[in-house]
Amino acid sequence: MKILVPIKRVVDYNVKVRPKSDETGVDLNNVKMAMNPFCEIAVEEAVRLKEAGKAEEIIAVTIGASSSQEQLRTALALGADRAILVETEVEAEPLGISKLLKSIVDKESPDLIILGKQAIDGDNNQTGQMLGALTGFSQATFASEVNLEGDSLSVTREIDGGLQTLDINLPAIVTTDLRLNEPRYASLPNIMKAKSKPLDVIPAADLGVDISPRLETIKVTLPAEREAGVIVETVDELIDKLKNEAKVIS
Amino acid sequence: MTALVVAEHNNQELKPVTLNTVTAALGLDQDVHILVAGNTCSAVAEEAAKVSGVAKVLLVESGAYENFLAENIATLVSNISGDYDFILAPTTTNGKNVMPRVAALQDVSQISDISAIESSDTFQRPIYAGNCIATVKSNDSKKIITVRNTAFDAADASGGSAEIITLEEINDAGISKFVKEEIAESDRPELTAADVIISGGRGMQNGDNFSILEGIADKLGAAIGASRAAVDSGFVPNDYQVGQTGKIVAPDLYITVGISGAIQHLAGMKDSKVIVAINKDEDAPIFQVADYGLVADLFEAMPELESKI
């Protein structure tokens with residue numbers, strides 16, 4: 001069993017980003033970067049499967065600039081065996097990313113692909129499903145539980161209103177939701193060890209895939225701000241305001 | 001030019017979010033069709049045919065579509081997409097599951113979770129948990145879109161008389177199998193359809209304490225929600241979650257209890273009409289977006305609120 005884990009370098013989730021003053025994009029100067037939180041969950045799940053003796057090899061892959069090697073090293077420190085950077089300066093859209101990942105899937109023939117359900121920068125929630133279409137693999141998105149027994153994969157999914165369980169054929173694509181697991185922290189010895197694990201760099205151009213953007217960003221602006229309201233002193237005053245001023249309760 | 005709306009339903013009834021998506025579709029094109037794919041779901045098609053402004057309803061019934069498996073539904077939508085310039089679905093877990101698969105089959109870059117339409121190729125959508133709004137122009141000839149339901153009014157559920165056409169387009173990839181579904185049974189309204197929502201956060205301290213919210217929710221006819229922190233801490237299931245990675249809501253009244261107001265939570269609720277914050281930390285960021293703030297210990301304030309409301 002070989003598991004491929006595509007990950008993404010994004011702005012750290014604690015950072016409150018702002019548009020650039022010329023509104024051409026988001027201001028990413030001197031902003032702390034990190035592995036997308038849902039990708040950390042994906043790496044963790046792969047590592048757990050390996051620790052349980054259900055997988056032999058974990059390959060972390062990312063599409064991005066050279067700086068993304070940092071996040072691949074993190075994945076290696078968490079337990080991935082080797083890593084691949086598909087290097088490009090183009091800010092590829094999920095469609096382009098899926099096409100590049102498809103090339104990696106063709107080379108590596110993984111049995112299982114685990115990735116985050118969405119990246120917290122673009123909030124697109126597309127890549128896993130698109131890779132599913134391009135590979136023809138089965139998919140189980142928004143996973144909160146993954147059970148792998150031999151060739152049979154059972155996944156519980158977070159859906160509106162509750163949970164759904166699917167049995168899906170391998171090779172398969174699973175995207176992670178929040179409750180799937182709690183990712184570990186990399187230990188210092190493992191961070192050191194990760195430095196000597198293999199990390200291949202493949203120029204995106206070598207894969208012969210068209211990743212030119214289809215969407216043009218016209219501008220990026222701040223959302224309409226909500227004005228702070230008033231602080232009430234008592235529960236009685238709150239009820240009075242809701243009844244008589246806001247008129248939202250009777 | 002025609003737009004296709006992929007209906008959200010449970011084989012018995014049309015989900016109200018479909019109506020918001022119809023409004024978005026009508027904003028793009030006057031000729032709007034609805035696809036009802038499921039099993040023994042003709043009642044849903046009849047409901048869809050009554051939606052105001054809808055010209056045609058496509059009904060496809062098969063066991064292959066009963067549980068809305070992404071592989072099968074995406075192939076169906078992709079196969080019938082030739083006649084359509086726009087394909088839209090609500091940003092629900094179903095919409096999110098299926099539409100990117102359709103987009104990749106059609107070699108189209110999907111535009112996720114649009115919050116406004118500027119023209120037939122230009123849309124607004126929130127990014128970075130709603131901290132920024134991107135205006136994007138699609139250069140694909142076909143537009144594949146998911147729609148943020150809180151940003152569009154619901155179309156009138158009655159007044160229409162669309163023709164229902166039955167399609168025999170069955171796709172069963174046979175690579176995934178539905179096993180079971182556990183839908184939380186509740187007498188309360190669904191989060192995305194509720195007029196009033198009362199949400200608890202880390203300040204609730206544990207799952208049992210969520211019962212403090214139930215009495216008030218019953219009195220107000222409210223749905224109960226939660227912050228990601230409360231879900232992360234295991235207090236409540238994930239389907240309670242309001243926020244960037246949970247549900248997006250915009251009720252008339254949104255009451256936060258013991259929620260600090262992380263940007264990820266605000267992303268899911270800041271379009272609510274009236275926001276009330278109850279938190280004992282007067283510096284909590286939630287007070288910067290609340291219309292009415294009460295600095296108080298929730299374990300004292302909530303019972304008092306319940307008895308007086």
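## A sheet across two chains

Visitor: What order do the strands take in the open sheet of six?
Guide: The order is 13(A)-16(B)-15(B)-14(B)-12(B)-13(B), with parallel pairing. Strands are DSSP runs of E, at least two residues, and helices are runs of H or I, at least four, numbered from the N terminus. Two strands pair if DSSP finds at least two bridges between them.

Visitor: Which strands stand at the edges?
Guide: Strand 13 of chain A and strand 13 (223–226) of chain B. Each has a single partner strand, so one side of each lacks a neighbour in the sheet.

Visitor: What does the twist average?
Guide: 20° from one strand to the next. Axes are lines fitted to C-alpha atoms, for helices over the stretch in contact; angles run from 0 to 180 degrees between N-to-C directions.

Visitor: Is this predicted or not, and how is it numbered?
Guide: It is a predicted model: local features need pLDDT of at least 70, side-chain atom pairs count only at pLDDT 80 or more, and totals for chains, interfaces and linings use all residues. Residues are numbered from 1 along each chain as its sequence is written, with chains lettered from A and ligands numbered from 1 in the order written.

Visitor: Where do the chains pair in the sheet?
Guide: Strand 13 (residues 230–232) of chain A pairs with strand 16 (residues 292–295) of chain B over three bridges. There, A:Val230 has B:Tyr292 as its bridge partner.

Visitor: How many residues of chain B are in contact with chain A?
Guide: 72, against 66 residues of chain A. Contact means C-beta atoms, placed from the backbone, within 7 Å.

Methods: Contact = placed C-beta atoms within 7 Å.
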